[in-house]
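Colleague: I am new to this structure and would like a close look at a single part of it. Please take one helix, show what it packs against, and go on from there to its surroundings.

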Amino acid sequence: SPSDSTMTGKTQTSNVTNKNDPKSINSRVFIGNLNTAIVKKGDIEAIFAKYGKIVGCSVHKGYAFVQYMSERHARAAVAGENARIIAGQPL
């Protein structure tokens, strides 16, 4: 929606994180135990953008996926954010 892109002030990422080619699968990060009542797509992107270019982000009830350009970025994000507390819950 337009409000998302104005809020983050940058171009909006795709909602597509379910491509099944090996490159996409290996550069995708699953984020579990997520308080999606509080944490929104823009919040997730803001947290995970420091690890690399995010090409897609999808938020579901209790979890999310972040799709990076490269597998290296995905691995760095997992290493950097595992067990981080967001909205009172460890990822």
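Modeller: In this predicted model, helix 3 lies across strand 1, strand 2 and strand 3, and runs at about 135° to strand 2. The three strands form an open sheet in the order 1-3-2, with antiparallel pairing. Strand 1 and strand 2 are its edge strands, each pairing on one side only. On average, neighbouring strands of this sheet are turned by 15° against each other, direction ignored.

The pairings can be taken in turn. Strand 1 and strand 3 run antiparallel and are joined by 4 bridges; Arg28 has Gln67 in strand 3 as its bridge partner. Strand 2 and strand 3 also pair in the antiparallel sense, over 6 bridges, and here Ile54 stands opposite Tyr68 in strand 3. The hairpin of strand 2 and strand 3 has 2 residues between the strands, and Gly62 takes a positive phi near 90° in it.

Now to the helix itself. Glu45 is found in helix 3, which covers residues 41–48. Is Glu45 buried or exposed? Glu45 has a relative accessibility of 7%, so it counts as buried, the limit being under 20%. Leaving out residues up to four places away in sequence, Glu45 touches Thr13, Ile54 and Cys57. Glu45 also forms a salt bridge with Lys41, with the closest N and O atoms 3.9 Å apart. The two residues are 4 apart in helix 3, which means that about one helical turn separates Lys41 from Glu45. Lys41 is buried as well, at a relative accessible area of 13%. Side chains of opposite charge can pair when their charged atoms come close.

The helix also takes part in the nonpolar packing. The largest nonpolar core has 17 residues, and those with the most contacts inside it are Ile31, Leu34, Ile44, Phe48, Val66 and Tyr68. At least two residues of this core come from each of strand 1 (28–31), helix 3, strand 2 (54–60), strand 3 (63–68) and helix 4 (71–81). Ile31 shows how these parts meet: beyond its neighbours within four places in sequence, Ile31 is in contact with Ile44, Phe48, Gly62, Tyr63, Ala64, Val66 and Leu91.

Helix 4 lies across strand 1 and strand 3, running at about 25° to strand 1. This helix has a salt bridge between Glu71 and Arg75, where the closest N and O atoms are 2.8 Å apart. Glu71 and Arg75 are 4 residues apart in helix 4, so about one helical turn lies between them. Glu71 counts as partly exposed at 34% relative accessibility, while Arg75 is exposed with a relative accessible area of 51%.

A further salt bridge brings together the side chains of Glu81 and Arg84, at 2.2 Å from N to O. Glu81 is buried, with a relative accessible area of 3%, and Arg84 counts as partly exposed at 33%. Lys50, Glu81 and Arg84 are joined into one network by salt bridges that share partners. In total the structure holds 4 salt bridges.

For the wider setting, the protein chain has 4 helices and 5 strands, in the sequence pattern α-α-β-α-β-β-α-β-β. Of its 91 residues, 37% are buried. Among contacts between residues at least 6 apart in sequence, 62% join residues at least 24 apart. The chain exposes about 5400 Å², of which carbon and sulfur atoms supply 58%.

How values were computed: Residues are numbered from 1 along each chain as its sequence is written. This is a predicted model: local features need pLDDT of at least 70, side-chain atom pairs count only at pLDDT 80 or more; totals for chains, interfaces and linings use all residues. Side-chain values use heavy atoms; hydrogens and water are left out. Buried means under 20% relative accessible area, exposed over 50%, partly exposed in between (1.4 Å probe, protein chains only). Contact means heavy atoms within 4.5 Å. Accessible areas come from the Shrake-Rupley method with a 1.4 Å probe; for residues, only the protein chains shown count as cover. A nonpolar core is a set of buried Ala, Val, Leu, Ile, Met, Phe, Trp, Tyr and Cys residues joined through side-chain atoms within 4.5 Å. Two strands pair if DSSP finds at least two bridges between them. Axes are lines fitted to C-alpha atoms, for helices over the stretch in contact, and angles run from 0 to 180 degrees between N-to-C directions.
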